[in-house]
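Colleague: I would like to learn how to read a few features of a structure, taking them one at a time. Could we begin with the model in front of us?

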Amino acid sequence: METNEYRFMAKEQLFHWWYRGRRDIIKCYLDNKGIKPSSEILEVGCGPGGNLIMLKNYGKVHACELDAFSREYASSLSGVDVKNGWLPDNIPFKVDHFDIVCLFDVIEHIENDVDAVRSIVKNLNKNGKLIITVPAAPFIFGKHDKNMHHFRRYNIKSLSMLLDDSGIHVECIKYFNSILFPLAVVTRFFDFFGNNEHSVGSKFPHKFVNEVLYRIFSFERFLFWRIRFPFGLSLICVGHKR
């Protein structure tokens, strides 16, 4: 992404309904897996660092990021020393080292996603877990994705095949942000026929609307282990190195 997008993300990442809701879903998984406090955790493509504060509750956190502004902002925000690194060619950390490697909405930005995941798998130790979130529902790929420099959106089949080809055994893969999915489809419809270069919903919503959307999204954490949604705006997948 361009630096101005990272600056926009830095302003929104702690308060915007989507970032907050996604963190709640990720926390739901981590809280149920009994992560050891001594775990070595790596987030690749951490952006301005909105997830690093959360991840510090689960172990010793490391991170890397390509964008210079984001590295500086993330380090200041979280206290984590964010290294200069990118996929698939430059991950400045030891191989076979990490208990958890996180890729939160990263690989859709990389043209060769197979090489990207293969390169990061090397950093997992023999019992390590890879946690990935990606945008889902390829049929709604549109203006928002192009503005965010996405190459693709995924479904369960395509993401599972990617991870299998990359040497990852999938343990859990689920759609999330499902309750708001119909609303998103409607906004993508308006995007398709509209003339505005910005997608519907790209601006920070009114405070009240933001809170309502967050509460709807976050409610899914109570359903995470009870319901397997057949669709959603995003996918979360957890796997380990074969």
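Colleague: At 36% relative accessibility, does Phe 231 count as buried, exposed or partly exposed?

Modeller: Bear in mind that this is a predicted model. Burial is judged by cut-offs, with buried meaning under 20% relative accessible area and exposed over 50%. Phe 231, at 36%, therefore counts as partly exposed, whereas Phe 181, with a relative accessible area of 10%, is buried.

Colleague: How many aromatic pairs does a search of the whole structure find, and how should I read the geometry of one?

Modeller: The search finds ten aromatic pairs. As for geometry, planes over 60 degrees apart count as edge-to-face and those under 30 as stacked, with the rest called tilted. In the pair of Trp 17 and Phe 217 the ring centres are 6.0 Å apart and the planes lie at 70°, which is why the pair is edge-to-face. Because Trp 17 belongs to helix α2 and Phe 217 to helix α9 (residues 207-219), this pair ties together parts that are 200 residues apart in sequence. Both Trp 17 and Phe 217 are buried. The rings of Phe 181 and Phe 231, by contrast, have centres 5.2 Å apart and planes at 35°, so that pair is tilted. Phe 181 lies in helix α8 (residues 181-193) and Phe 231 in the loop between α9 and β7 (234-241), so the parts tied together here are 50 residues apart in sequence.

Colleague: Which residues form one aromatic cluster with Trp 17?

Modeller: Phe 176 and Phe 217 form the cluster together with Trp 17. A ring may also have a charged side chain over its face: Arg 20 lies over Tyr 214 at 3.7 Å from the ring centre, and Arg 7 lies over Phe 69 at 4.3 Å.

Colleague: Turning to a single position, with which residues is Ile 26 in contact, leaving aside its neighbours within four places in sequence?

Modeller: Ile 26, which lies in helix α2 (residues 17-32), is in contact with Met 54, Phe 104, Thr 133 and Ile 236 once those neighbours are left aside. Its relative accessible area is 1%, so Ile 26 is buried.

Colleague: Finally, which element gives the most to the lining of the second largest pocket?

Modeller: A pocket can be read by its volume and its lining. The second largest one has a volume of about 260 Å³, and β5 gives the most to its lining, with three residues. Both β4 (98-104) and β5 (124-135) supply at least two lining residues. By class, the lining has four nonpolar, four polar and four charged residues, and Tyr 29, Asp 99 and Lys 129 are among them.

Technical notes. Residues are numbered from 1 along each chain as its sequence is written. This is a predicted model: local features need pLDDT of at least 70, side-chain atom pairs count only at pLDDT 80 or more; totals for chains, interfaces and linings use all residues. Side-chain values use heavy atoms; hydrogens and water are left out. Helices (H or I, at least four residues) and strands (E, at least two) are DSSP runs, numbered from the N terminus. Buried means under 20% relative accessible area, exposed over 50%, partly exposed in between (1.4 Å probe, protein chains only). Contact means heavy atoms within 4.5 Å. On a 1 Å grid over the protein atoms alone, a cavity is a set of points where a 1.4 Å probe fits but cannot get out, and a pocket is an open set with protein on both sides within 12 Å along at least five of seven lines; lining residues have an atom within 4 Å of a point. Grid points are joined across faces, edges and corners, and a volume is the space filled by probe spheres set on the points. Ala, Val, Leu, Ile, Met, Phe, Trp, Tyr, Cys and Pro count as nonpolar, Asp, Glu, Lys and Arg as charged, and the others, Gly among them, as polar. Rings of Phe, Tyr and Trp (its six-membered ring) pair if their centres lie within 6.5 Å; planes under 30 degrees apart count as stacked, over 60 as edge-to-face and the rest as tilted. A charge sits over a ring if NZ of Lys or CZ of Arg is within 6 Å of the ring centre and within 35 degrees of the ring normal.
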